[in-house]
Amino acid sequence: MLLGLPPAGVLLAGRPIGPYFAFPPRTDFVSHAPFSWPVFCVYALVGTGALAFILFLWARSRNAPAPAPATKRPFPWWGWAGIGWGTAVWLFAWTRFSWFAPFQPHTFFPLWLGYILTMNALIHRRLGQCPLSSRPGRFVLLFPLSAIFWWFFEYLNRFVQNWHYLGSEYDAWRYALYATISFSTVLPAVLSTQRWLLTLPWIRRAFEGLLPIRPRHPARLAAWTLLLSAAVLAGIGVWPDLLFAGLWVAPLLIMVALQSLTGGRHPLEGIPKGNWRGVVSWSLAALLCGFFWEMWNAGSLSRWEYTVPFVQGSKIFAMPVLGYAGYLPFGLTCAAVAEIWMAPDTSAQGR
């Protein structure tokens, strides 16, 4: 479903399928709608509504008993190494030293490697363990899994063409190699950030025992969600401007619906019990990583640019401001893959 529905929509619309499968990918055959204030306002209401809901849940939990303070340990030496390494790579990524020119386009992976080490060190300081130390084999294998995971979103982007890369003009083999290396950091970064958020007192205190939502007919709801999400995912091949946001929501809902119908675990399973901690922590983790992705992208030689219909104005770095709302469901999609891969993880402080 995830791979077949978008090209099925293209064929249904009567358009040639060949350009969508060019490699390296092309981004010049989907025209985008101009900025629209009505559409901008609708998306703004949705995005601010999601953040307002998180704040509402947090406000309801302010009187909850505070957890026992965590015993802080010395910051590990490899955490300092991660900070130093990341700072140095950041400097090289944003400068243009002539002697560094051959390496200039390849700073993404080492920069995020420093971030991942630093986040794991912050977790280790509070818990005495972290995903990197408690399950090193699983965590290292999360890198190739992450590359496959993000290549899927690159595949979906062929049908909406909301971003493209500059400074990455390589032949097909080198493009595939360098892109795969960069994409391998996505899941380790988001997972490490989510685990760190779970060590913070206000996250540990909040978002549990709040506002349980129990559908009367969960199987029926999952079936309808599956059908609607499948229609949206097929629809991005027909109406890429109208349904571009479905790229971030439809795959998540398809996976959640299928996991629900088959009795599997999924990122939304805590909601009927009033446990919003997993939903909030994964969403905020992706949003925080998104800020760093966009910030570090802004001054790098090899970078991406956005062409988003209807909401292209009002940017923070290269990203249209409303585009940051897409990181919230993206975090839950990361959870749908990473939680299954890493479980059971003794460093997690509740889902």
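A nonpolar surface patch, as the term is used here, joins nonpolar side chains that lie within 5 Å of one another, taken from residues with over 30% relative accessible area and no salt bridge. In this predicted model, one such patch of about 300 Å² is made by F291, I316, F317 and V321. The points below begin with that patch, then turn to a pocket and to the salt bridges.

**Surface patch**

- Among the four residues that make the nonpolar patch, F291, I316, F317 and V321, the last can be placed along the chain, since V321 lies in the loop that runs between strand β4 (319-320) and helix α13 (327-342).
- V321 counts as partly exposed because its relative accessibility is 31%, and a patch residue needs over 30%.

**Second largest pocket**

- The second largest pocket has a volume of about 210 Å³, and its lining is made up of 15 residues, with P24, P25, T27, Y165 and Y175 lying nearest its centre.
- Two elements, α6 (136-160) and β1 (163-166), each give two or more residues to the lining of this second largest pocket.
- Sorted by class, the lining of the second largest pocket holds six nonpolar residues, together with five polar and four charged ones.

**Salt bridges**

- Four salt bridges are found when the whole structure is searched, and three pairs are described here in turn.
- One of the pairs joins the side chains of E339 and R195, with a distance of 3.4 Å from N to O, and this pair links distant parts of the chain, as E339 belongs to helix α13 while R195 belongs to helix α8 (residues 186-197), 144 residues apart.
- Both partners of that pair, E339 and R195, are buried, which means that each has under 20% relative accessible area.
- A salt bridge is also formed by D171 with R174, whose closest N and O atoms are 3.4 Å apart.
- D171 counts as partly exposed because its relative accessibility is 41%, and R174 is likewise partly exposed, with a relative accessible area of 40%.
- R265 forms a salt bridge with E269, and in this pair the closest N and O atoms are 3.2 Å apart.
- R265 is partly exposed at 47% relative accessibility, and E269 is placed in the partly exposed class as well, at 26% relative accessibility, because that class covers the range between the buried limit of under 20% and the exposed limit of over 50%.

How values were computed
Residues are numbered from 1 along each chain as its sequence is written. This is a predicted model: local features need pLDDT of at least 70, side-chain atom pairs count only at pLDDT 80 or more; totals for chains, interfaces and linings use all residues. Side-chain values use heavy atoms; hydrogens and water are left out. Patches are made of residues with over 30% relative accessible area and no salt bridge: like charges are joined within 9 Å, nonpolar side chains (Val, Leu, Ile, Met, Phe, Trp, Tyr) within 5 Å. Accessible areas come from the Shrake-Rupley method with a 1.4 Å probe; for residues, only the protein chains shown count as cover. Helices (H or I, at least four residues) and strands (E, at least two) are DSSP runs, numbered from the N terminus. Buried means under 20% relative accessible area, exposed over 50%, partly exposed in between (1.4 Å probe, protein chains only). On a 1 Å grid over the protein atoms alone, a cavity is a set of points where a 1.4 Å probe fits but cannot get out, and a pocket is an open set with protein on both sides within 12 Å along at least five of seven lines; lining residues have an atom within 4 Å of a point. Grid points are joined across faces, edges and corners, and a volume is the space filled by probe spheres set on the points. Ala, Val, Leu, Ile, Met, Phe, Trp, Tyr, Cys and Pro count as nonpolar, Asp, Glu, Lys and Arg as charged, and the others, Gly among them, as polar.
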